[in-house]
Amino acid sequence: MITRAGKIAAALFAVYFAYYLKSTLLGYATEPKVIGGVDLDRPIPQLMFWTPIYYPMLLSAAFAYWIWPTKAYPSLARRMVAGSFAIVRIILFTLFISFLCTGFGAFYLALPQLMTAEILPMLASVFLSALQGTAVMMIFHIMGFIPISVFVGSLIALGAHVASKHLSSPMDERVRSDFASFSTVLRSSNEWPWPSLVAGSVIAAMMLTGFSIAGLPIIVLWGAFFVHWGIPCVVLGAAIGFFGRHWAWCAAVSLPIAYYLSTTAYRPTGILASQAIDFPPVVIATLVGFNLARKFVPRIFNSQAT
């Protein structure tokens, strides 16, 4: 079920990315149109590329659901790499299928005017034009698509990893067998990680606000800020991981840091809007340091003890 949830998340990203391409980079028509209108006394004028928006969205979602990796990799790093590579292929396919669908839309409009010998060459030209358009878009936007792929693929893989660690089958069986135990789960801080829930809700709210403000390009901005502020925040997260045990402290410490950074530069008005730009890269960097400390510090102590 966790693997299927990852597939669904990848499919939802493909749907959103197809709509994002139509709204920003491609801008094709969503209904049959010709440039200049139609006059029955004259030949059909130049055609406008078009396609119903749900065609590229559904095809991209189906491809994303199929291509998302199902292999159980032993380490989280390999899962994140596999997820990032899958998102790269999803972006490439979404670009290609968007160009291909719009090409078929123009082919559909021109079909009544084509001779039989012209149909196959025009179909081949539609396919080649889709490949050419995909290559050109990747050349100009590769520096933006790579951070998006790494971020989204790693986020889905990380969510699946966390879910597989916390959703244990004994607890699920206990809740299914006795519905009254649900209140016990809510009251028990050991079985229901309230700090994790609060911290995760804050991080999700900040990221969703960032996406609502700037869309997918906000990931590129987060990546630039991560590189700019990464080292001190990673060191801070490592200190939290060395002295503390819960990752929610990373979110708590990142809030005032992000607020200070937002006051030193021009940011959108409103605390939530400004924090949506500065908070995600800070908390990601601290979480990286936290996990590095939690992974390597016990090994250091064990090697010294032996």
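Axes here are lines fitted to C-alpha atoms, for helices over the stretch in contact, and angles run from 0 to 180 degrees between N-to-C directions. Helices are DSSP runs (H or I, at least four residues), numbered from the N terminus.

The model is a predicted one: local features need pLDDT of at least 70, side-chain atom pairs count only at pLDDT 80 or more, and totals for chains, interfaces and linings use all residues. Residues are numbered from 1 along each chain as its sequence is written, and side-chain values use heavy atoms, with hydrogens and water left out.

**Exercise 1. Work out how α1 and α2 pack.**

Step 1: start with the geometry. The axes lie 8 Å apart and the packing angle is about 150°. So α1 runs roughly antiparallel to α2 (the label for angles over 145 degrees).

Step 2: get the hand. This crossing is right-handed, meaning the near helix is turned clockwise from the far one by less than a right angle.

Step 3: look at who touches whom, with contact meaning heavy atoms within 4.5 Å. On the α1 side you'll find, among them, R4, K7, A11 and Y19, and α2 brings residues including P56, S60 and W66.

Step 4: sort by class. You get 13 nonpolar, 1 polar and 2 charged residues (Ala, Val, Leu, Ile, Met, Phe, Trp, Tyr, Cys and Pro are nonpolar; Asp, Glu, Lys and Arg charged; the others, Gly among them, polar).

**Exercise 2. Do the same for α8 and α9.**

Step 1: α8 (residues 218-243) and α9 (residues 248-263) have axes that come within 10 Å and cross at roughly 150°. That makes this pair roughly antiparallel too, and the crossing is right-handed.

Step 2: W229, L236 and I240 from α8 meet W249, C250, V253, I257 and L261 from α9. The tally is 8 nonpolar, no polar and no charged.

**Exercise 3. Which residues have the most contacts inside the largest nonpolar core?**

Step 1: set the terms. A nonpolar core joins buried Ala, Val, Leu, Ile, Met, Phe, Trp, Tyr and Cys residues through side-chain atoms within 4.5 Å, where buried is under 20% relative accessible area (1.4 Å probe, protein chains only).

Step 2: this core has 54 residues, and the best-connected ones are F13, F17, I90, I91, L95, V152 and I219. α3 gives the most, with 11 residues.

Step 3: zoom in on V152. Leaving out residues up to four places away in sequence, V152 touches F13, I87 and I219. A second, separate core of 6 residues includes A29, A106, L109 and A110.

Technical notes
Helix = DSSP H or I, 4+ residues; strand = E, 2+ residues; numbered from the N terminus. Parallel < 35°, antiparallel > 145°, perpendicular 65-115°, else oblique. Buried < 20%, exposed > 50% of the residue type's maximum accessible area, 1.4 Å probe, protein only.
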